[in-house]
Amino acid sequence: MDPGFEADFREFVIDRSGALFRTAYLLTGDRHAAEDLVQSALAKTAVKWRGLRDPAAVEGYVRRVMYHEQVSRWRRRSRITEVPTGWLPDQIGDGYADMVDLRLTMRTALARLTPRQRTMLVLRYFEDLSETEIARLLGVRVGSVRSQIYRSLERLKKAAPELSTVMEFG
């Protein structure tokens, strides 16, 4: 890699790796798998770095690579129940103590979702993509996206009814 491009890539990784890791963690539900997913996406991005001229498009490219990589992983994987092996460390800030129970409840409920359902929720509510955009991104029908989101929200409601009082599921 050209030294000028290498410096730009290194700066991008330093600036955006935290946000990319959080997204990867939400997609995978596992800290170690999230690290692998980010590393894989960044490696693929490094190969294409010269062709990515628009700085605004770089992060979108990396996230798209992460989504496709994760979808490919859960499509390849046999039907094995996932068990998270670790938790993403929380950052201490204002109101942290009040939110611990809610965070633990949410993590437990999200861990009970299938990888496909978790991916759909992350794309819809964390990345704020429309159902049509999600369908196009994942190569599925819009009806499949809607049904997966509906089922995952129903599972969240059943797994953690107290979340319904704090958050509005739609």
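Okay, let's start with helix α2, residues 31-48. It has 18 residues, and at 1.5 Å a residue they should span 26 Å; the C-alpha atoms at its two ends are 26 Å apart, so expectation and model agree. I should say right away that this is a predicted model, so keep that in mind as we go.

Staying with α2 for a moment, have a look at where it begins. Asp30 caps the N-terminal end of the helix, with a side-chain oxygen 3.3 Å from the backbone nitrogen of His32. And which residues of α2 are buried? They are Ala34, Leu37, Val38, Ser40, Ala41, Leu42 and Thr45. Here's a handy thing to know when you read a list like that: an α-helix has 3.6 residues a turn, so residues three or four places apart point the same way.

Now let's zoom out. The protein has eight helices and zero strands. Going along the sequence, then, you just read α-α-α-α-α-α-α-α. There are 170 residues, and buried ones make up 37% of them. What about contacts between distant parts of the chain? If you take contacts with a separation of 6 or more, 66% of them are between residues 24 or more positions apart.

Let's see what that looks like at one residue. Find Phe12, please, in helix α1, residues 3-28. Is Phe12 buried or exposed? Its relative accessibility is 10%, and buried means under 20%, so Phe12 counts as buried. Leaving out residues up to four places away in sequence, Phe12 touches Ser17, Leu20, Leu42, Trp49, Val58, Glu59 and Val62. You've met one of those already: Leu42 is on the list of buried residues in α2.

Val58 is another one to follow. Val58 sits in helix α3, residues 55-76, and with a relative accessibility of 4% it counts as buried too. Phe12 and Val58 are 46 residues apart along the chain, yet their C-alpha atoms are separated by 8.7 Å. Beyond its neighbours within four places in sequence, Val58 is in contact with Phe12, Trp49 and Leu52. So Trp49 turns up in both lists: Phe12 touches it, and Val58 does as well.

Here's another pair from far apart in the sequence. Ala111 is in helix α4, residues 96-111. Ala111 and Leu26 are 85 residues apart along the chain, and their C-alpha atoms are separated by 9.9 Å. Unlike the last two residues we looked at, Ala111 counts as partly exposed, at 24% relative accessibility.

Right, on to the helix I want to spend the rest of the time on, α5. How do α5 and α7 cross? The axes of α5, residues 115-126, and α7, residues 142-159, come within 9 Å and cross at roughly 100°. That makes α5 roughly perpendicular to α7. On the α5 side, the residues in the contact are Arg116, Gln117, Met120, Leu121, Arg124 and Tyr125. They meet Val145, Gln148, Ile149, Arg151, Ser152, Leu153, Arg155 and Leu156 in α7. Sort the residues of this contact by type and you get seven nonpolar, three polar and four charged.

Let's pick out Gln117 in α5. Gln117 counts as buried, at 5% relative accessibility. Not counting residues up to four places away in sequence, it touches Gln148, Arg151, Ser152 and Arg155.

Gln117 has company, by the way. The buried residues of α5 are Pro115, Gln117, Arg118, Thr119, Met120, Leu121, Val122 and Leu123. Take Thr119 from that list: Thr119 is buried, with a relative accessible area of 1%. What does Thr119 contact, apart from neighbours within four places in sequence? Leu27, Gln70, Val71 and Trp74.

Last stop, just past α5. Asp128 is in the loop between α5 and α6, which covers 131-138. With a relative accessible area of 59%, Asp128 is exposed. Now check its backbone. Most residues other than glycine have a negative phi. Asp128 isn't a glycine, but its phi is positive, near 60°.

That's my tour, so let's open the model and look at these spots together.

Definitions and conventions:
Residues numbered from 1 in each chain as written. Predicted model: local features only at pLDDT ≥ 70, side-chain atom pairs only at ≥ 80, totals over all residues. Heavy atoms only, no water. Axes fitted to C-alpha atoms, helices over the stretch in contact; angles between N-to-C directions. Helix = DSSP H or I, 4+ residues; strand = E, 2+ residues; numbered from the N terminus. Parallel < 35°, antiparallel > 145°, perpendicular 65-115°, else oblique. Contact = heavy atoms within 4.5 Å. Nonpolar A, V, L, I, M, F, W, Y, C, P; charged D, E, K, R; others polar. Buried < 20%, exposed > 50% of the residue type's maximum accessible area, 1.4 Å probe, protein only. Expected span 1.5 Å × (residues − 1). Polar contact = N/O pair within 3.5 Å; in protein donor to acceptor, adjacent residues only side chain to side chain.
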